[in-house]
Number of protein chains: 2
Amino acid sequence: MSVEKVNLAEKFSLFGEHWSPKIVGELNGQHVKLVKLFGPFVWHHHDEEDELFLVVRGRFRMEYRDREEWIEAGEFVVVPRGVEHRPVAEEEAHVMLFEPASTVNTGSAGGGMTQETLDRV
Amino acid sequence: MSVEKVNLAEKFSLFGEHWSPKIVGELNGQHVKLVKLFGPFVWHHHDEEDELFLVVRGRFRMEYRDREEWIEAGEFVVVPRGVEHRPVAEEEAHVMLFEPASTVNTGSAGGGMTQETLDRV
């Protein structure tokens, strides 16, 4: 049996890139990913996927078309499918994502920040 | 648009019962739940659901039939469907669960610790 626990801080120490989610767990067709945010991401939405962002360290600002909200360590937000959003981190933030395995990071937007395949750490 | 962030500590402050998961989020047919562990749970498995346990505060011991492992704050474990397990907390532990909306806490075991319907907090 290969049930192995995952230590978030240890996994975060294994990579440095920003906006490049790493897969650290898988269940029920969903992926658990870790990502380091820094600076602004691109405006996008996901047609079919709801997306959970849980802040493990630091904080970031989630921008929507009509408002924005800071998400702090120990807080999460679920962005429903179809809702345009843009995460912005003024300082580096460590975030755990929970979303379907099919999710592409830039969703509707595509472009240079798209990660077509994700590494596991 | 009703995208509201969730503060884990605030939600944990809203209830005291042990082994009584509260729903705090929903996405892609999955529930995010918070639960306070204290003492031993019952041995059980889930036929159809993989289950994620992320420790937010404290720690607990996950027992399997052939071994056991302590899961500490900042760590998570995914217990795959079919795998018998029993969480045991020697001191109160605060845990976030991620699992399909269909999941019943005691899985295969049933019995007095079963929570048929879950509150939202």
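**Entry 1: strand β4 of chain A**

I began with strand β4 of chain A, and found that five bridges join β4(A) to strand β8 (residues 85–100) of chain A, the two running antiparallel. As one point of register in this predicted model, I noted that Phe53(A) has Leu97(A) as its bridge partner in β8(A). I then looked for a further partner and found strand β7 (residues 75–79) of chain A, which pairs with β4(A) in the antiparallel sense over four bridges. Here I wrote down Leu52(A), whose bridge partner in β7(A) is Val78(A).

Is strand β4 of chain A mostly covered or mostly open? I counted five buried residues among the seven of β4 (residues 51–57), so I entered the strand as mostly covered, a residue being buried if 20 or more other C-beta atoms lie within 10 Å of its own.

**Entry 2: chain A as a whole**

I stepped back to the chain and listed its secondary structure, which comes to one helix and eight strands. Following the sequence of chain A, I read the pattern as β-α-β-β-β-β-β-β-β. The radius of gyration of chain A is 14 Å, close to the 14 Å that the globule rule gives for 121 residues, and I therefore recorded the chain as being as compact as a globular protein of that length. Along the principal axes, I found that the C-alpha trace of chain A spans about 45 × 30 × 25 Å.

For the interior, I noted that buried residues make up 37% of the 121 residues in chain A. I also looked up how far apart in sequence the contacting residues of chain A are: of the contacts with a separation of 6 or more, 66% are between residues 24 or more positions apart.

On confidence, I recorded an average pLDDT of 95 for chain A, with 98% of the residues scoring at least 70. For the model I entered an ipTM of 0.94 and a pTM of 0.95.

**Entry 3: Pro21 of chain A**

Where is Pro21(A) found? I located Pro21(A) in the loop between α1 (8–12) and β2 (22–27) of chain A. Although it belongs to a loop, Pro21(A) is buried, because 22 other C-beta atoms lie within 10 Å. Leaving out residues up to four places away in sequence, I listed what Pro21(A) touches: Lys33(A), Leu34(A), Val35(A), Leu97(A), Asn105(A), Gln115(A) and Leu118(A). Leu97(A), one of these, is also the residue I had noted as the bridge partner of Phe53(A). I also checked Trp43(A), 22 residues from Pro21(A) along the chain, and found the two C-alpha atoms separated by 17 Å.

**Entry 4: strand β8 of chain B**

I turned to chain B and collected pairings made by its strand β8. With β3(B), strand β8(B) pairs in the antiparallel sense over ten bridges, and within this pairing I noted Ala93(B) as the bridge partner of Leu37(B). Strand β4 (residues 51–57) of chain B is also antiparallel to β8(B), over five bridges, and there I found Arg57(B) standing opposite His94(B). Strand β5 (residues 59–64) of chain B is joined to β8(B) by four bridges, again antiparallel, with His85(B) as the bridge partner of Tyr64(B).

**Entry 5: where the chains meet**

How many residues of chain B are in contact with chain A? I recorded 29 residues of chain B in contact with 29 residues of chain A. On the side of chain B that touches chain A, at least two residues each come from β1 (6–7), α1 (8–12), β2 (22–27), β3 (30–40), β6 (68–72), β7 (75–79) and β8 (85–100) of chain B. The largest share of that side, five residues, comes from β7(B). Sorting the side by class, I entered 18 nonpolar, five polar and six charged residues.

I then found strand pairing across the two chains: strand β1 (residues 6–7) of chain A is joined by two bridges to β7(B), and the strands run antiparallel. Within β7(B), Glu75(B) is the residue that Asn7(A) stands opposite.

**Entry 6: how the copies are related**

Finally I superposed the copies, and noted that chain B can be laid on chain A with an RMSD of 0.0 Å by a turn of 180 degrees and a shift of 0.0 Å along the axis. I entered that as the relation of a two-fold axis. I also noted that 100% of the interface residues of chain B are interface residues in chain A too, which means that the copies meet through the same surface.

Technical notes. Residues are numbered from 1 along each chain as its sequence is written. Chains are lettered from A and ligands numbered from 1 in the order in which they are written. This is a predicted model: local features need pLDDT of at least 70, side-chain atom pairs count only at pLDDT 80 or more; totals for chains, interfaces and linings use all residues. Two residues are in contact if their C-beta atoms, placed from the backbone, lie within 7 Å. Ala, Val, Leu, Ile, Met, Phe, Trp, Tyr, Cys and Pro count as nonpolar, Asp, Glu, Lys and Arg as charged, and the others, Gly among them, as polar. Two strands pair if DSSP finds at least two bridges between them. Copies are superposed by least squares on the C-alpha atoms of residues with pLDDT of at least 70 in both. The radius of gyration is taken over C-alpha atoms; the globule rule is 2.2 Å times the number of residues to the power 0.38. A residue is buried if 20 or more other C-beta atoms lie within 10 Å of its own, exposed if 12 or fewer, and partly exposed in between; C-beta atoms are placed from the backbone. pLDDT is the predictor's confidence in each residue, from 0 to 100.
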